[in-house]
Amino acid sequence: MTTIRADQLGYRPDDPKQSVLPQTASAFELIRISDDTVVFGGNADKPVFCEGSGETVRIAGFSDFTQPGEYRLQAGKEVSYPFIISNNPYGSLRKTVLDFFRLQQCGINLDAGVWSHPACHTDLAAVLDSSGSKTGVVKDVSGGWHDAGDYGRYIVPAAQTAAQLLLAYELAPRPDPDVLDVVWFELEWMLKMQDEASGGVYHKVSCRDFPPLDHMPEREDGELVLCPVSATATADFAATMALASRFYPGRRKVLMEAASRAWQWCLKHPDAPGFCNPPGVKTGEYGDEKSQDERFWAACALFAATGDETIHDYIKKAQLSTGLGWKKMGTYGLVSYLCHARGDAGLAGRMKEALSADAQKLLKQSKADPYGISLGTEYRWGSNMTVANNAMTLLLAGLFDQNAEYRHTALEHMHYLLGKNALGKCYISGFGSNPMQNPHHRPSVAAGKAQPGMVSGGPNGGIHGDAILQKNCQGLPPMMCYADHAGSCASNEVAVYWNSPVYFILAFLDL
Ligand code: G3I
Ligand code: 9MR
Ligand code: ZN
């Protein structure tokens, strides 16, 4: 294992290029692999301490070298994995990251080589009340994507994923045309999750507990239960449908009716409590006591779609919030308002300031980290999502505030995911010289090999009762608390809303 940390796929000729070397390496060389020739060299920067990883390291920059080819870095006896400098350094990565969503499809006969399976989770689901008792109502909620390494289908992360994919489609210089079909599959399922009578949206559908780790989806045949309507799910749903209405003109009416009915539910239930799993239900909770940010996003998306001034008044009174992760969704609201609403100049100005404040904070944190990323010491469950979401925040802020540093720092976050990190791990299966190979992903466990193109959750300093992390990572610095082990759900699961921000970065940066 090399101690030189670099992107294991590569760099574009004109993009900044950095790697991280051990403290002992004061100079480095770039070697062209075809003829084993030194083509570039230099001194590494002075040693710096990395709080996230607890190491002292040096940064080696080779941005000035722009010739396409295949290379490795060398520092003393240390030799990096090979990488390329090319206009298309990532090859099929973007396509494979997008393919994940098709492979997560539920309720259909999936024809996909070793990942094939017969239709799963097609029974009617029984609606539960908050005490976990069946209400007697049953509902067809088939379809949608399995959330992650488990087979639950949850509205809150679904909304994040759909929004990130649609924004990627909208903002990419060369959008992938199939994104709209990919997302429609999820939207159709989301529409089924709305309660016809009230307009409220069921929080999630799953069995009561997770199935064994080696079970393919069709083997999970326990009773499906629908958990009660929640404010976060209903507001996220309203926002997602209003956002989607712009992308599917032929389905606008259905989407906007669903959005408006969900919004009416939100207005009628201003104080609805946060969701928690009813007794007896152990699957993904996506609990969140605060629905203000989801309501804010819904209002902005509905206002952008309709121009309804009563909703505008709601936004004017609301607290501005930011965030791109399932618990904090405000930034999607800001972007809807700023890009698509006939808004109020003063309010738009404050929204831009809020987004820019987030981006400036991320820049500052990234500058303090030799790996050039913004997490500091906060590596929680799904830290790789935070890495990608922070990059997305920087790229979105750059829409309103031209700053080359935003783009460069976002790219550094992508390099982190592809191997320029303290563990020298490429956190996307099937790519790089040292890829994640043992995801906590049931179809991969069943197949005995990792499905390619999946983003691992990544280091988790919290450990969270994960027996594998407890055994291997107790006491390690947070950027090191990771196990490429199928048993480590707290550091090595995969999820649709971890692939979606990575897809956004790749599409936005035309990689
Ligand atoms: O919000 C608190 C914060 O206030 C506190 O300071 C911090 C300290 O640890 O914890 C924060 O809560 C964390 C929460 O995520 C929100 O980030 C919890 O500790 C942490 O346990 C929780 O992890 C979630 C995990 O499920 C367990 O519930 C992950 O975010 C979430 O991505 C993950 O999602 C799972 C689904 O349940 C099931 N499907 C797979 C999916 C991915 O693993
Ligand atoms: O396998 C489950 C994974 O998909 C979930 O994201 C995770 C969330 O808590 O839980 C995993 O299931 C574990 C359960 O929580 C505790 N017992 C062991 C289960 C399998 O590792
Ligand atoms: Zn299924």
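Guide: Welcome! A polar contact is a pair of N or O atoms within 3.5 Å; within protein, one must be able to donate a hydrogen and the other to accept it, and residues adjacent in sequence count only if both atoms are side-chain atoms. This is a predicted model, where local features need pLDDT of at least 70 and side-chain atom pairs count only at pLDDT 80 or more, while totals for chains, interfaces and linings use all residues. Residues are numbered from 1 along each chain as its sequence is written, chains are lettered from A and ligands numbered from 1 in the order in which they are written, and side-chain values use heavy atoms, without hydrogens and water.

Visitor: What makes Arg442 and an oxygen atom of ligand 2 a polar contact?

Guide: An N or O atom in the Arg442 side chain is 2.6 Å from an oxygen atom of ligand 2, which is within the 3.5 Å limit. Glu493 also has a side-chain N or O atom 2.5 Å from a ligand 2 oxygen, and for a polar side-chain atom of His440 the distance is 2.7 Å. Of the 440 Å² of accessible area (Shrake-Rupley method, 1.4 Å probe) that ligand 2 has on its own, the protein covers 54%.

Visitor: Which residues surround ligand 2?

Guide: A residue is near if one of its heavy atoms lies within 4 Å. Asp150, Phe210, Trp381, His440, Arg442, Cys489 and Glu493 surround ligand 2. By class, this shell has three nonpolar, one polar and three charged residues; Phe, Trp and Cys count as nonpolar, Asp, Glu and Arg as charged, and His falls among the others, as polar.

Visitor: What about ligand 1: how many residues surround it?

Guide: Ligand 1 has 13 residues around it, and Asp147, Asp150, Trp381, Glu493 and Tyr497 are the closest. A side-chain N or O atom of Tyr497 is 2.7 Å from a ligand 1 oxygen, Trp381 has a polar side-chain atom at 3.0 Å from one, and for His464 the distance is 3.4 Å. Ligand 1 taken alone exposes 790 Å², and the protein buries 62% of that.

Visitor: Why is Cys50 without a disulfide partner?

Guide: A disulfide is a pair of cysteine sulfur atoms within 2.5 Å. The closest cysteine sulfur to that of Cys50 is in Cys481, 13 Å away, so a bond is out of reach. The structure holds zero disulfides.

Visitor: Why are Cys50 and Cys106 called buried?

Guide: Buried means under 20% relative accessible area (exposed is over 50%, partly exposed in between; 1.4 Å probe, protein chains only). Cys50 has 1% relative accessibility, so it counts as buried; Cys106, at 0%, therefore does too.
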